[in-house]
Amino acid sequence: MTDWEWPPDEISGPGEDSKPAARGQGTRASAPVPRPDQPMAGVPIAVPAPQAGIPLAGPQPVAGGADLTATMPVPLPPRGAASVPVPLPPTAVPVQPHSAPIPLPPQTGPAPIPAPPVPAPPQSSARPADPIPVPPQRPADQQGGVPPIPAPPTTPAPQRPPVTAVPPPQTAPGVWPVASQQNPQVPPLPPMPATPTPQQGPQFGNPQQPTAAGEVYLPTAEEFARRRAQRPADPVAHMGIQAALRKTTFGLVNLSPGQREQEVRRATDLVRRNFGGLRQITVVNPKGGAGKTVAVLLLAMTFGRKRGGYVLAWDNNETQGTLGMRSQQDFHSRTVRDLLRDLHQFQGAQSRVGDLSQYVRAQGDGMFEVLASDESATAGEMLTAHAFAEIREVVSRFYKLIMVDTGNNVRAENWQAAIDATDQLVVTMSARNDSAETAARMLDHLEQTGRSRLVRQAVTIVSLPPSRRELDIPAIERHFAARTRAVLIAPYERMLDSGEPIDYARLSEESQDAWLRIAASVAEGL
């Protein structure tokens with residue numbers, strides 16, 4: 001082979017030989033090798049003088065129909081350039097796709113030409129990046145003398161120290177362990193609210209402060225459910241001038257509830273709360289005309305309206321009582337004597353609340369019932385303690401709250417039996433001296449018979465007369481405030497002083513608010 005000859009497989013360009021499918025052949029076609037005495041078209045000839053290229057002599061048929069009459073500059077590498085490595089700058093230089101032909105070794109089939117390496121993107125100085133994987137480089141003898149481009153230097157990622165598995169600590173139920181140096185695998189807890197809820201106390205724990213063992217208390221589902229008890233106050237006013245302004249302006253002026261409305265809401269919530277079972281309220285004062293019957297009816301009316309029924313007012317007078325006379329009349333006139341005679345009908349599981357309605361008197365809009373005492377002056381023997389227990393056992397099946405009106409004889413068996421079954425004692429009196437002194441002596445009797453706790457939890461109601469002349473009301477309040485839990489004033493109401501059946505719809509707004517406060521104070525003791 002002469003100096004100007006090239007191997008048959010090295011003179012075919014990549015643009016023609018890399019498309020075997022266009023010629024319908026499975027292998028790469030090679031250009032014919034010319035004779036030494038005939039010049040070869042399209043092949044560069046090495047000459048001593050440096051030149052950029054050699055023009056092709058005349059049109060020659062080339063596979064694919066390309067015209068090679070134009071001058072094709074082909075740079076000639078110096079002899080032995082394939083075996084001398086070319087030094088490259090430290091930075092990566094992209095190789096142009098249309099550069100000088102690279103001699104390839106003889107091969108039988110088409111081989112893909114490796115793509116030029118892509119320069120690595122600039123590294124950010126914010127944090128060390130992970131090493132960029134570099135594709136494997138072909139050997140230098142298979143790349144036409146071009147050595148592999150070195151990868152840019154990278155900073156190795158910091159190595160974390162090995163983590164030793166630590167078993168989770170044993171904690172109490174409802175307590176989550178806190179991450180520490182000995183236990184770094186525990187995830188950190190989210191920050192807890194800084195303001196404690198009203199329910200948090202000694203029995204619930206404080207989630208803000210860790211315990212001595214480094215543990216943080218987590219609230220339970222029961223505490224989460226109790227949040228419903230603390231309902232936010234309704235910002236809409238329904239009473240007074242605030243409600244009138246809201247209605248007249250169609251909601252444009254929306255004022256918060258006034259002080260009176262807020263007090264009414266708090267008292268209503270106390271009256272409506274669940275007492276956890278049957279409760280008995282007993283109203284006492286041995287002096288006649290002390291307001292026991294009126295207090296029983298108005299307390300039963302307040303509890304019945306606010307709670308929605310299941311309230312009974314029971315006249316436990318040993319002789320002739322007045323509770324049936326002051327209450328609204330019903331379709332019958334049966335009394336406690338009739339119920340005592342027919343108690344055998346309510347024994348067993350077959351008794352129903354509908355059967356009891358023929359012995360009690362419904363009070364209409366008062367939303368409670370009245371069990372009247374014997375209204376006949378020629379009645380038989382007085383009720384005994386056993387009779388009181390039997391009647392109470394029957395009515396307790398159908399009512400949640402029982403108001404008991406008592407007589408004037410503290411030595412009577414039914415009076416003593418009512419006191420023994422009492423959950424909340426209510427002492428009534430007028431603002432006169434005789435009524436208050438009789439009530440004070442009765443409290444002495446209860447304390448002497450071992451009922452001091454009942455006296456300490458009692459509620460005192462002082463009913464005002466139409467005129468306050470020559471009345472020492474502050475002295476009455478000081479005495480009973482020192483002996484009972486609360487002392488409340490009931491305003492004067494002409495309808496209540498008339499002795500007629502009470503029409504609950506005609507009560508003044510002042511009387512309704514006063515008896516609501518009294519009922520709320522009574523409910524606190526239940």
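**Entry 1: terms and overall counts**

I take helices (H or I, at least four residues) and strands (E, at least two) as DSSP runs, numbered from the N terminus. I am working from a predicted model. I counted 16 helices and ten strands in the chain. I then looked up burial: of the 526 residues in the chain, 31% are buried. Next came contacts with a separation of 6 or more. Residues 24 or more positions apart account for 72% of these.

**Entry 2: Glu375**

I started with a single loop residue. Glu375 sits in the loop between β6 (369-371) and α10 (385-395). Is Glu375 buried, partly exposed or exposed? Its relative accessibility is 31%, and the buried class ends at 20% while the exposed class begins over 50%. Glu375 therefore counts as partly exposed.

I also checked what Glu375 touches. Setting aside neighbours within four places in sequence, I found contacts with Gln320, Gly324, Met325 and Arg361. I followed up on Gln320. Glu375 and Gln320 are 55 residues apart in sequence, yet their C-alpha atoms are 5.2 Å apart in space.

**Entry 3: the sheet**

I traced the strand order. Eight strands form an open sheet, in the order β5-β6-β4-β7-β3-β8-β9-β10. Its pairing is mixed. Which strands are at the edges? They are β5 (361-362) and β10 (486-490), each of which pairs on one side only.

I looked at the β5 end. β5 and β6 run antiparallel and are joined by two bridges. Arg361 has Val370 in β6 as its bridge partner. This is the Arg361 that I had listed among the contacts of Glu375.

I then checked which helices lie on the sheet. α6 packs on the sheet and touches β3, β4, β6, β7 and β8. The direction of α6 makes about 170 degrees with that of β7. Helix α12 (residues 433-448) also packs on the sheet, where it touches β3 and β8. For α12 I noted an angle of about 155 degrees with the direction of β8.

**Entry 4: strand β8**

How many residues of strand β8 are buried? Seven of the seven, over residues 424-430, so the strand is largely enclosed by the rest of the structure.

I sorted the side chains by direction. In a regular strand the side chains alternate between the two faces of the sheet. In β8, Gln424, Val426, Thr428 and Ser430 point one way. Leu425, Val427 and Met429 point the other way. Both groups are buried.

Then I looked up the neighbours of β8. Strand β3 (residues 279-284) runs parallel to β8, with four bridges between them. Val284 stands opposite Val427 in β8. Strand β9 (residues 459-463) also runs parallel to β8, through five bridges. There, Thr428 has Ile461 in β9 as its bridge partner.

**Entry 5: strand β7**

I repeated the check on β7 (residues 401-405). Five of its five residues are buried, and the strand is mostly covered. Leu401, Met403 and Asp405 point one way, Ile402 and Val404 the other. Asp405, a charged residue by class, is among the buried ones.

The neighbours of β7 came next. β3 and β7 run parallel and share five bridges. Ile281 has Met403 in β7 as its bridge partner. Strand β4 (residues 311-315) pairs with β7 in the parallel sense, again over five bridges. In that pair, I noted Trp314 with its bridge partner Val404 in β7.

**Entry 6: the second largest pocket**

I moved on to empty space. The second largest pocket has a volume of about 680 Å³. Of its 34 lining residues, those closest to the centre are Gly289, Ala290, Gly291, Lys292 and Val294.

Which helices each supply at least two residues of the lining? I found α6 (292-307), α7 (323-326) and α15 (494-497). The largest share, four residues, comes from α6. This is the α6 that packs on the sheet. By class, the lining has twelve nonpolar, 15 polar and seven charged residues.

**Entry 7: two positive phi values**

I looked for unusual backbone angles. Tyr310 is not a glycine, but its phi is positive, about 60 degrees. Tyr310 lies in the loop between α6 and β4. Its relative accessible area is 52%, so Tyr310 is exposed.

Met367 also has a positive phi of about 60 degrees without being a glycine. I placed Met367 in the loop between β5 and β6. Relative accessibility is 38% for Met367, which means that it counts as partly exposed.

Terms used
Residues numbered from 1 in each chain as written. Predicted model: local features only at pLDDT ≥ 70, side-chain atom pairs only at ≥ 80, totals over all residues. Heavy atoms only, no water. Buried < 20%, exposed > 50% of the residue type's maximum accessible area, 1.4 Å probe, protein only. Pairing = 2+ DSSP bridges. Contact = heavy atoms within 4.5 Å. 1 Å grid on protein atoms, 1.4 Å probe; cavity = no way out; pocket = protein on both sides within 12 Å on 5 of 7 lines; lining within 4 Å. Points joined across faces, edges and corners; volume = space filled by probe spheres on them. Axes fitted to C-alpha atoms, helices over the stretch in contact; angles between N-to-C directions.
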